Amino acid sequence: MQNLSILLVDDHKLFRAGLKLLLENITYIHRVDEAENGIQCLNFIQQSNPDIVFMDIEMPEMDGITATRKALELFPDMKKIALSIYGDEN
């Protein structure tokens, strides 16, 4: 299996830290980076192009849905996983 780079995008630092700790213990994940909003996410992926982005939905400055749409314009093959406790299914 390849060495994966992961980007965690969530405005809750404690959640990011916990998930990062779990992911860093997986042998085929070589890097886990963090962003706290959609704007930081877009800046990061333009520089580093991570293999997988874990994206929160509701965040300040730019929400995850907007950030995902913009990121997919830049990197249409980007793999993303939505993470949220947001109650709206849309």
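**Charged pairs, helix faces and a capped helix**

K20 has a relative accessibility of 21% and so counts as partly exposed in this predicted model, given that a residue is called buried under 20%. Salt bridges with shared partners bring K20 together with R16 and E34 in one network. In general terms, side chains of opposite charge can pair when their charged atoms come close.

The network can be followed pair by pair. The side chains of E34 and R16 form a salt bridge with an N to O distance of 2.8 Å. This pair joins distant parts of the chain, with E34 in strand β2 (residues 29–35), R16 in helix α1 (residues 13–24), and their positions 18 residues apart. The two partners differ in their exposure: R16 is buried at 7% relative accessibility, whereas E34 is partly exposed at 33%. E34 also meets K20 through its side chain, in a salt bridge of 3.4 Å, N to O. Because E34 sits in strand β2 and K20 in helix α1, this pair ties together parts that are 14 residues apart in sequence.

A further salt bridge is found between the side chains of R31 and D33, at 2.6 Å from N to O. R31 has a relative accessible area of 30% and is therefore partly exposed. In total, the model holds three salt bridges.

What happens to a charged side chain that is buried yet has no salt bridge? D10 is such a residue, and the nearest side chain of opposite charge, that of R16, is 5.6 Å away. That separation lies beyond the 4 Å within which a pair is counted as a salt bridge. D10 is found in the loop between β1 (4–9) and α1, and its side chain reaches the backbone nitrogen of H12 at 2.7 Å. Apart from neighbours within four places in sequence, the contacts of D10 are F15, R16, A35, E36, D56 and M59.

Attention now turns to the helices. Helix α1 consists of 12 residues and spans 16 Å from its first C-alpha to its last, close to the 16 Å expected at 1.5 Å a residue. Its buried residues are R16, L19 and L23. Viewed down the helix axis, the buried residues of α1 fall within an arc of 75 degrees, so they line one face of the helix. An α-helix has 3.6 residues a turn, so residues three or four places apart point the same way. The buried residues of α1 pack against four strands by name: β1, β2, β3 (52–56) and β4 (79–83). On the other side of α1, the exposed residues are K13, L14, L21 and L22. R16 thus appears both among the buried residues of α1 and as a salt-bridge partner of E34.

In helix α2 (residues 38–48), the buried residues are G38, C41, L42, F44 and I45. They cover an arc of only 165 degrees around the axis, which means that they lie on the same side of α2. The elements that cover these buried residues include β1, β2, β3 and α3 (64–74).

Both ends of α2 have features worth describing. At the N-terminal end, N37 acts as a cap, with a side-chain oxygen 3.0 Å from the backbone nitrogen of I39. N37 is placed in the loop between β2 and α2, and at 2% relative accessibility this residue counts as buried. The side chain of N37 also makes a polar contact of 3.4 Å with the side chain of E61. E61 returns in the list of residues in contact with N37, which, leaving aside neighbours within four places in sequence, comprises V9, M59, P60, E61 and M62. M59 is in contact with N37 and also with D10. Just after α2, N49 adopts a positive phi of about 45 degrees.

One last loop residue offers a contrast in exposure. D77, in the loop between α3 and β4, is exposed, with a relative accessible area of 68%, whereas the loop residue N37 is buried at 2%. The C-alpha atoms of D77 and F54 are 15 Å apart, and these residues are separated by 23 residues along the chain.

Definitions and conventions. Residues numbered from 1 in each chain as written. Predicted model: local features only at pLDDT ≥ 70, side-chain atom pairs only at ≥ 80, totals over all residues. Heavy atoms only, no water. Helix = DSSP H or I, 4+ residues; strand = E, 2+ residues; numbered from the N terminus. Buried < 20%, exposed > 50% of the residue type's maximum accessible area, 1.4 Å probe, protein only. Lys, Arg positive; Asp, Glu negative; His and termini not counted. Polar contact = N/O pair within 3.5 Å; in protein donor to acceptor, adjacent residues only side chain to side chain. Contact = heavy atoms within 4.5 Å. Expected span 1.5 Å × (residues − 1). Arc of directions from axis to C-beta.
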